[in-house]
Each structure stands twice: as C-alpha cells, then as structure tokens.
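Here are my notes on this one, in no strict order. Have the viewer open while you read, and shout if anything looks off to you.

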Amino acid sequence: RGPNNLYQALRVYRAQCHKPPEIRNQIVAAQADLAARGFMVPLTSLPPEKQEMIKSAPFTHYFPWRAVYKPGSVSTPVRLVVDPSCTGLNVILAKGENMLTRIPDILVRLRTKRCAWSTDVSKLYNMLHLSDSALPYSLFLFSPSLADNTMPEVWAMTRAWYGITLTGNQSGVALERIAEAKRDTLPLAVDPLTKERYVDNIASGADDEEARKDQIIQTTDALAAG
C-alpha cells in the first residue's frame, strides 16, 4: 500500500531495457511515433494546473508496459501494451456487456455480396481521448535511452490504450455513435461500422464495384468525422 505503484512499474520498465538491441530500437521508434501523434506527452509539458492535479491526487497509477513483437506486421511490428491487470486496475474498471458482433454473422453477410472489401480502423483505441480526471491513473515511464541505470521520464497517456479492460467497449460505442450521427448523410457507412465490424476490423461488401467504392468512401468519411 502507498500513494503510487512507481516501484512496480519501474521494475517492469527495466525488464524492457534488457531486450535485444534490435527490439529496443523498435520500442524507441514505436514510442516516438505515439508521442508524435500526441497519444502521450511528458508530464512536464502539461499545463501547470494539470500537473498539480496529478501530483496532488491521493493515488497515482503508473502503467507497467511491455513490448509485444509481431515480426510479420508491416504497420506495427512492435506495440507497447500496458498491463493494468497486474496492478489491479482492470479489476475495478467496469467492462460492460459483450458487444462484439459474432464473426460467423459477419462472414455470412460478407458471402452474400459480390464485391467484398476489408480494412481495419487505424489506432482505434488511441483515437479515444481521456478526460483530465483519468490523468493521475494514466502515467507511463519511458526514456529513449532504455538504460536500466537511468531513471525514466514520467509521461501522461492522453488516449485510451490496449490492454485496459473497458477500452474495447468504449471504442465500439464510439463507432456506433459515429454511425448513428452520420446515418442520414453517410448511410452506406452504417453497416460496416456496426454489423460488419469485429473490434477494429471491418469486412463488408456490395453487389457491384461502384457501390463498393461508395461504401468505402462513406465509411472513410464517417471515421474522419469521428
């Protein structure tokens, strides 16, 4: 018990510092990309009132994180995944009901279409902005040196993240709200974002190539609006 879990998160961080050099280089590149997108920011770069809110919180939560290596992935060979289960955070967060579309239903619908298309929603979880009240519980340790003898900098994660039990449902609700908001102006985006989606993967189709093209354009426009 204490005001934070800094020691626990620091121990997991230092384990990442012992990864092979080629993995460490990709970890640094992955974190730099997340920072460039604004998904996480140095604690010291936040406005003073937000820094004070975090420092004065009764408890501050540091996400233990690990690098997941997917050598076959073109876009994300290394993903930084947080582990809030080991801190107990996932235990107290409300996961909600299972809202996932059944994969057999998606595939059956797909097979009734003459022209198919598939995609995934890029960085879906990271598109969700956290409210300021979540910042004291969304801290992240990192240093580009990845040296275990160097104290890492404290970062604040400003977006939702992979590995947190409620993020999947939150992102699903966000996409359904986008579909509903654009139902009248972008009607062809509704089914791909609701009935033909599994988490961030979409498998949809139409009866001819022109209709498929229109469906793709409207789905892209709806996501951009979101």
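1. Let's start with a small puzzle: in which loop does valine 199 lie? Look between strand 7 (197-198) and strand 8 (201-206). The backbone there caught my eye, as valine 199 has a positive phi of about 60 degrees although it is not a glycine. With a relative accessible area of 23%, valine 199 counts as partly exposed. Bear in mind throughout that this is a predicted model.

2. Lysine 123 is another non-glycine residue with a positive phi, here of about 50 degrees. Its place is the loop between strand 4 and strand 5. You might want to check how the side chain sits, given that lysine 123 is buried, at 17% relative accessible area.

3. Now the overall picture. The chain has eight helices and eight strands, and its C-alpha trace spans about 60 × 35 × 30 Å along the principal axes. Of the 226 residues, 39% count as buried. If you take the contacts between residues at least 6 apart in sequence, 76% of them join residues at least 24 apart.

4. Nonpolar side chains in soluble globular proteins tend to be buried together. Here the largest nonpolar core holds 33 residues, and those touching the most other members are Ile27, Trp65, Leu80, Val82, Phe140, Phe142 and Trp161. Helices and strands both feed into this core: helix 1 (6-16), helix 2 (21-36), strand 2 (65-69), strand 3 (78-82), strand 5 (139-142) and strand 6 (153-157) each supply at least two residues. Apart from it lies another core, of 13 residues, including Tyr162, Ile178, Ala189 and Leu193.

5. Leucine 80 is a good place to zoom in. Beyond the residues up to four places away in sequence, leucine 80 touches Ile27, Ala30, Gln31, Leu34, Trp65, Arg66, Ala67, Phe140 and Trp161.

6. Leucine 141, in strand 5, deserves a look as well. How much of leucine 141 is accessible, and is it buried or exposed? It is buried, with a relative accessible area of 2%. Leaving out neighbours within four places in sequence, leucine 141 is in contact with Leu6, Ala9, Leu10, Tyr13, Tyr62, Trp65, Pro152, Glu153 and Val154. Arginine 14 makes a nice sequence-versus-space example: 127 residues separate it from leucine 141 in sequence, but the C-alpha atoms are 9.9 Å apart.

7. On the cysteines, the disulfide count is zero. Why does cysteine 17 have no bonded partner? The closest cysteine sulfur, in cysteine 86, is 16 Å from that of cysteine 17, so the pair is too far apart for a bond. Cysteine 17 counts as buried at 7% relative accessibility, and cysteine 115 counts as buried too, at 13%.

8. Last, the second largest pocket, with about 390 Å³ of space. Which residues lie nearest its centre? They are Val121, Met127, Ile178, Leu223 and Gly226, out of 19 that line the pocket. Strand 4 (115-120), helix 6 (167-181) and helix 8 (209-225) each supply at least two lining residues. By class, the lining has 11 nonpolar, seven polar and one charged residues. Ile178 is worth clicking on, as a residue of the 13-residue core that also turns up near the centre of this pocket.

Conventions:
Residues are numbered from 1 along each chain as its sequence is written. This is a predicted model: local features need pLDDT of at least 70, side-chain atom pairs count only at pLDDT 80 or more; totals for chains, interfaces and linings use all residues. Side-chain values use heavy atoms; hydrogens and water are left out. A nonpolar core is a set of buried Ala, Val, Leu, Ile, Met, Phe, Trp, Tyr and Cys residues joined through side-chain atoms within 4.5 Å. Buried means under 20% relative accessible area, exposed over 50%, partly exposed in between (1.4 Å probe, protein chains only). Helices (H or I, at least four residues) and strands (E, at least two) are DSSP runs, numbered from the N terminus. Contact means heavy atoms within 4.5 Å. A disulfide is a pair of cysteine sulfur atoms within 2.5 Å. On a 1 Å grid over the protein atoms alone, a cavity is a set of points where a 1.4 Å probe fits but cannot get out, and a pocket is an open set with protein on both sides within 12 Å along at least five of seven lines; lining residues have an atom within 4 Å of a point. Grid points are joined across faces, edges and corners, and a volume is the space filled by probe spheres set on the points. Ala, Val, Leu, Ile, Met, Phe, Trp, Tyr, Cys and Pro count as nonpolar, Asp, Glu, Lys and Arg as charged, and the others, Gly among them, as polar.
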